[in-house]
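Subject: Structure handover and notes

Dear colleague,

Please find the structure below, followed by my notes on what turned up in it. I would be glad if you could read them with the coordinates open beside you.

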Amino acid sequence: MEQIIIANHKMYLNSLQDIDTYIQKLNKHKNQIIVLPQSIYLERFIKNGFTVGTQNVSPEKEGPYTSEISAQAINDIGGKYVLIGHSEVRQNPNKINKEIKEAINNHLKVILCVGENQKEKEHNQTKVIIKQQIKNAINNINEKIIIAYEPNWAIGSNQIPKKEDIQQIVAYIKSLFTYNIQVLYGGSVSIDNIKKLKEMNLDGYLIGQSSTDAEEFLKIIEVVLE
Ligand code: PGA
């Protein structure tokens, strides 16, 4: 199956010059990746033929919500995906459920982040936590979404879970659905561990900081696609 490679730019790459250099370097793989830039740079990527999404979306249709981004507006300018429930912005479960509904109503594809924190891991609660996160997130939702398994403690930490742990959790997430679902891994994916991750037969990767270094990201993409 085709691999899903997502670049979550977070708040890196903070000048048009950096964005244009990045676009130029990644151009040859633009059809194999999904970029989630800072929203002000979405159009720049779209104009250059990249598939893009946002790092968050409002649960509301419109109104007095300073700093929020509407799903309708994302769809209107040509965005295709939206990342929901990232641990850096995750709030209450009800909000996540509303965000997913709003995204789906506006024809956006949802990438839902789930994962346990350090304490939950130590208490062997990973499966319970993930099941609850997914149950709350997709309450009354039947459309297919993509799930990204991102242990909070692995994000930006240069640590990834053991192979058996990732495989077990990914299989567990898939078992929670009656239909086939794509599950990505995210959290400190880098050129140093991508070969090891590739052995795990994942559906793809959600890559933060390493995706913002064009040279490193190109190398990662090439390993994934080879
Ligand atoms: P990281 O971030 O690759 O920098 O750990 C991943 C993410 O938060 O999506």
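How far is an oxygen atom of the ligand from an N or O atom in the side chain of N8? Bearing in mind that this is a predicted model, the separation comes out at 3.2 Å. Two further approaches involve the backbone: a ligand oxygen lies 2.6 Å from a polar backbone atom of G156, and a ligand oxygen lies 2.9 Å from a polar backbone atom of G208. The residues that surround the ligand include, besides these three, K10, H86, E150, I155, G187, S188, L206, I207 and Q209.

Next, the aromatic rings. A search through the whole structure returns four aromatic pairs. One of them joins Y22 and F45, whose ring centres are 6.1 Å apart and whose planes meet at 70 degrees, an edge-to-face arrangement. This pair links distant parts of the chain, since Y22 belongs to helix 1 (residues 16-26) and F45 to helix 2 (residues 42-47), with their positions 23 residues apart in the numbering. Y22 and F45 are both buried, and together with F50 they make up one aromatic cluster.

For Y149 and Y185, the ring centres are 6.3 Å apart and the planes stand at 65 degrees; planes over 60 degrees apart count as edge-to-face, so this pair is edge-to-face as well. Because Y149 sits in strand 6 and Y185 in strand 7 (residues 183-186), the pair ties together parts of the chain that are 36 residues apart in sequence. Y149 and Y185 are each buried.

Finally, helix 6. Its 12 residues, 126-137, should span 16 Å at 1.5 Å a residue, and the C-alpha atoms at its ends are indeed 16 Å apart, so the expected and computed values agree. Which residues of helix 6 are buried? They are T126, I129, I130, Q133, I134 and A137. Viewed down the axis of helix 6, these buried residues fall within an arc of 125 degrees, and therefore they line one face of the helix. An α-helix has 3.6 residues a turn, so residues three or four places apart point the same way. On the face of helix 6 turned away from the buried side are the exposed residues V128 and K135. The cover over the buried residues of helix 6 includes helix 4 (93-105), strand 5 (109-114), helix 5 (118-122), strand 6 (146-149) and helix 7 (163-175).

With best wishes

Terms used: Residues numbered from 1 in each chain as written. Predicted model: local features only at pLDDT ≥ 70, side-chain atom pairs only at ≥ 80, totals over all residues. Heavy atoms only, no water. Helix = DSSP H or I, 4+ residues; strand = E, 2+ residues; numbered from the N terminus. Expected span 1.5 Å × (residues − 1). Buried < 20%, exposed > 50% of the residue type's maximum accessible area, 1.4 Å probe, protein only. Arc of directions from axis to C-beta. Contact = heavy atoms within 4.5 Å. Phe/Tyr/Trp six-rings, centres within 6.5 Å; stacked < 30°, edge-to-face > 60°. Near = heavy atom within 4 Å. Polar contact = N/O pair within 3.5 Å; in protein donor to acceptor, adjacent residues only side chain to side chain.
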